[in-house]
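Biologist: Thanks for sitting down with me over this one. Could you put the structure up, and I'll ask as we go?

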Amino acid sequence: MTVAKNLMAGRIMEDQIFPYPNLRDKDREVLGMMVDAVDQFLGPKHQDFKRWDREGMQPAEFIQGLRDLGLFGLIIPEEYGGIGLSNAGYARVLSQSSTHDSSVSLTIGAHSSIGMKGILLFGTPDQKARYLPKLASGEMIAAFCLTESGAGSDAASVRTKAVKNADGDWILNGEKIWITNGGIADLYTVFARTSSPDGKITAFVVEAAWPGVSHGPHEDKMGIRASSTTTVSFVDVRVPAGNVLDTEGRGFKVAMAILNNGRTGLGGGAVGGMKALIALATQQAKTRKQFDTPIAEFGLVREKIAQMTIDCFAAESVVWMVAHYIDSGVEDYSVEAAMSKVFASEALQRSAYEALQIAAGSGFMREYPYEQITRDSRILTIFEGTNEVLRLYIALSGLKDVARSLGEMKAAVDDIFNNFIKGFGVLTGYAEKRLTQTTGVGRDKILTKLPPPLREAAEIYERYTNEFAKASEYLLRKHGKSIADRQHDLKRIADIGVDLFVGLCVLSRAASLGNAPGQEGVQAIGIARVFALQAKRRMANIVRRITRNEDHDMDQLAGFILNQGSYPWDVT
Ligand SMILES: Cc1cc2nc3c(=O)[nH]c(=O)nc-3n(C[C@H](O)[C@H](O)[C@H](O)COP(=O)(O)OP(=O)(O)OC[C@H]3O[C@@H](n4cnc5c(N)ncnc54)[C@H](O)[C@@H]3O)c2cc1C
C-alpha cells in the first residue's frame, strides 16, 4: 500500500515522507541555466502575453523560441536529444515559466506531461527512435487526445473507433474535442475503441500529416487563451500496426498512467502562478496607501499574504514530494498525485482570488495581471481530471485498499469496486470485527524524530491519521455496498486524506529547512505549525460531519430545484 492509502489504514509511512527529498545534483546543474534562460526569454514578453491573451494565439516565431530553448525536450532522455530532467526538475521549469504566463506553460506542458508521455512510458524501441528525437527538438509538438463530446470525466466511454485491417494496420474514425496544442501539434496520442469483441480502448500514435487528420479552429476560451485548444478529427486515417502504444486493449490504463505521471507538471505550474501572485500582492500592498498607511500594515491584508504564502509552500511541498516518488521508481503514486493536483489547483485559485482582492479596483482592471491569472487558473480544477472526480478516485482507491487488507474478504471487495452493484453485503459485519484490528487505530506515536517546535504539528497528524482510519472503517461498515454512491462521504474522506498527506509533506519540508540560518528556517517551521492547526480545524469539522451532516436535506433541496428548473421564490 502507498503512503496515502496507508494513512487511510491508520499508518504513517515515516520513511517515505522524511527526510524531505532534494533535487538530483544533475538536475540542479541544468536547472540553474534553464531557469535563467526561461526568465531571460519570457521576462521581456509580458506585454506580448497580454496581447496574445486578447488575440487568442501564440505566434509561430514565439513557439520557435521555445524550441530553441530546448523546452520541448525537458524530460526526454539525452540519448534521444533531450535534456533528461527528472519529474522534479521538469516541474521546476514549468513553475518558472508559469511565473510569466500560463499559456506558455500549457504549450510546453501538454507536449511533455501528456502529449508524448505515452511514448516515453510505453513506447517500443522503434517508436522511441522514430519520434523522441523530433519531439525533443520540437520539430514535432505533441498533444493528448482523449476527450470527446460524450466522453469527458467518463473517459472510458470514448467512441472514436479503430478497426483492424487484414494487413494489421488500423483505420481510425472519430472526433476529439478541447485538445490542448490541437492546432499546432504534429503528433497525437489518440485513444480509440477497437473492434475487438470486448471493444476495449487502445492508444495510438498518430501523425498530424497523415491523410484524414485535421483540426478545428482555435476555441474562444475564458482563460489560457493563447494556448491552442481545438477539435481534432480522424476520417479513415490509416495507422500502422507499429503505432499502437503498449498493447491492444490497454489504452485506458495507458491514458490513466500518462495523466498520473503528468500531474506534477500541472502542480509545478500552479506553484509558479502562486509565486507570481505573492510577488505582485506584496508589491501592491507595500505601495498602495489608504488612510495614510500602506495597506500592507492592515491585519486583513497581511492575513491574505500569509495565507497565500502558506498555500504556496504547502503546494510546493506536496508537488515535489510526488515528483520524487515518481523519480525514485515508486510504482503506485496515483492517489498521491491526485491529492497534489487537487490541493495545488485549489490553492492557486484561492491565491488568485486574494491577490486580486488586495489590488481591489486595480485588480479588476485589465491593465493589471490579476484578472488574467484568475481566468487562467480556472482551468486547473477542470482538466486532467476534474477535482470532483479526483476526490472520488482518492477516496475509493484508499477505501478499496483498506478493505482489501482484510484478506478473507478480498473476493467480495473486488466485486464492490469492480462492480459497485454486487458484493458489499458480505463486508458488513466482518468489517466491524476485522477492520479495527488491521487499521492500527490507537498506535503509538511514530513521528519521533522531529524537532520540538514541530511536535505539536506532528501530534495533530498522528491523531488525525487515527481519526481517518476510524472514519474510513465507520463508513465502510455503515454503508456497505452503497459506499461507492455516497459522494458526500467520499469527498470527506478525500479531504481528510489531502490535508494529512499535504500536511505531512509540509512537516517534512519544514523539518529539513528548519535548520537553515536566519528567518527562512524559522518561518518554514512557522508555516508547518500554522498549516497543521488549520488542517486540524478542517479535519475536526469533517470528522464531526461524518455523523452529523445535512447531506439528506441538501440532496432533497437539489432534487426540488432540479425538478423546478429554476429558483422559485421571489420577494412579493
Ligand atoms: C482548455 C481545455 C483544455 C483541455 N485539454 C485537453 C487535452 O489536451 N486532452 C484531452 O483529452 N482533454 C482535454 N480537455 C478536456 C478536459 O479534460 C475535460 O473537460 C474534463 O475531463 C472534464 O470533462 P467535461 O468538461 O466533459 O465535464 P463533465 O465530465 O461533463 O463534468 C461536468 C461536471 O460534472 C462533474 N462530474 C462528472 N462526473 C461525475 C461523477 N461521477 N461524480 C461527481 N461529479 C461528476 C464534474 O466534476 C464536473 O463538475 C481540455 C478541456 C479544456 C476546457
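Biologist: Let's start with Ser 512: is it buried, exposed or partly exposed?

Modeller: This is a predicted model, so take every number here as computed from it. Ser 512 sits in helix α18. Its relative accessibility is 38%, and the class in between runs from 20% to 50%, so Ser 512 counts as partly exposed.

Biologist: And how far is Ser 512 from Glu 303 in space?

Modeller: Along the sequence, Ser 512 and Glu 303 are 209 residues apart. In space, taken C-alpha to C-alpha, the distance between them is 25 Å.

Biologist: How many residues of α18 are buried?

Modeller: Helix α18 covers residues 487–513 and has 27 residues. From first C-alpha to last it reaches 38 Å, close to the 39 Å expected at 1.5 Å a residue. The helix is largely enclosed by the rest of the structure, because the buried count is 21 of the 27 residues.

Biologist: What span should helix α11 have at 1.5 Å a residue?

Modeller: Helix α11 is made of residues 299–327, which gives 29 residues. Its end C-alpha atoms are 42 Å apart, and that agrees with the expected span, which is also 42 Å.

Biologist: Which residue takes a positive phi just after α11, and which one does so just after α20?

Modeller: After α11, the residue is Gly 329, with a phi of about 85°. Helix α20 (residues 551–564) reaches 20 Å, close to the 20 Å expected for its 14 residues. Just after α20, at a phi of about 90°, comes Gly 565.

Biologist: Where is Asp 292 placed, and is it buried or exposed?

Modeller: Most residues other than glycine have a negative phi. Asp 292 has a positive one of about 60° although it is not a glycine. Its place is the loop between β9 (289–290) and β10 (293–294). With a relative accessibility of 77%, over the 50% cut-off, Asp 292 counts as exposed.

Biologist: In which strand is Asp 236 found?

Modeller: Asp 236 also has a positive phi in a residue other than glycine, near 50°. It belongs to residues 229–239, the strand β7.

Biologist: What is omega for the cis peptide bond joining Phe 18 and Pro 19?

Modeller: Most peptide bonds are trans. Pro 19 lies in the loop between α2 (14–17) and α3 (25–42). For the cis bond that joins Phe 18 and Pro 19, omega is about -10°.

Biologist: On to the ligand: which residues come nearest to it?

Modeller: There are 19 residues around the ligand. They divide into ten nonpolar, six polar and three charged. Those that come nearest are Phe 144, Thr 147, Ser 153, Thr 386 and Glu 388.

Biologist: How much of the area that the ligand exposes alone does the protein bury?

Modeller: Let's look at polar contacts before the area. A side-chain N or O atom of Ser 153 is 2.6 Å from an oxygen atom of the ligand, and a polar side-chain atom of Thr 386 lies 2.7 Å from a ligand oxygen. Trp 178 uses a backbone N or O atom, 2.8 Å from a nitrogen atom of the ligand. Taken alone the ligand exposes 970 Å², and the part buried by the protein is 67%.

Biologist: Which domains each give at least three residues to the shell around the ligand?

Modeller: At the level of elements, β3 (170–180) and α14 (387–404) each supply at least two shell residues. At the level of domains, at least three come from each of domain 2 (142–249) and domain 3 (388–559).

Definitions and conventions. Residues are numbered from 1 along each chain as its sequence is written. This is a predicted model: local features need pLDDT of at least 70, side-chain atom pairs count only at pLDDT 80 or more; totals for chains, interfaces and linings use all residues. Side-chain values use heavy atoms; hydrogens and water are left out. A residue is near a molecule or strand if one of its heavy atoms lies within 4 Å of it. A polar contact is a pair of N or O atoms within 3.5 Å; within protein, one must be able to donate a hydrogen and the other to accept it, and residues adjacent in sequence count only if both atoms are side-chain atoms. Accessible areas come from the Shrake-Rupley method with a 1.4 Å probe; for residues, only the protein chains shown count as cover. Helices (H or I, at least four residues) and strands (E, at least two) are DSSP runs, numbered from the N terminus. Ala, Val, Leu, Ile, Met, Phe, Trp, Tyr, Cys and Pro count as nonpolar, Asp, Glu, Lys and Arg as charged, and the others, Gly among them, as polar. Domain bounds come from an automatic or database domain assignment. The expected span of a helix is 1.5 Å times one less than its number of residues. Buried means under 20% relative accessible area, exposed over 50%, partly exposed in between (1.4 Å probe, protein chains only).
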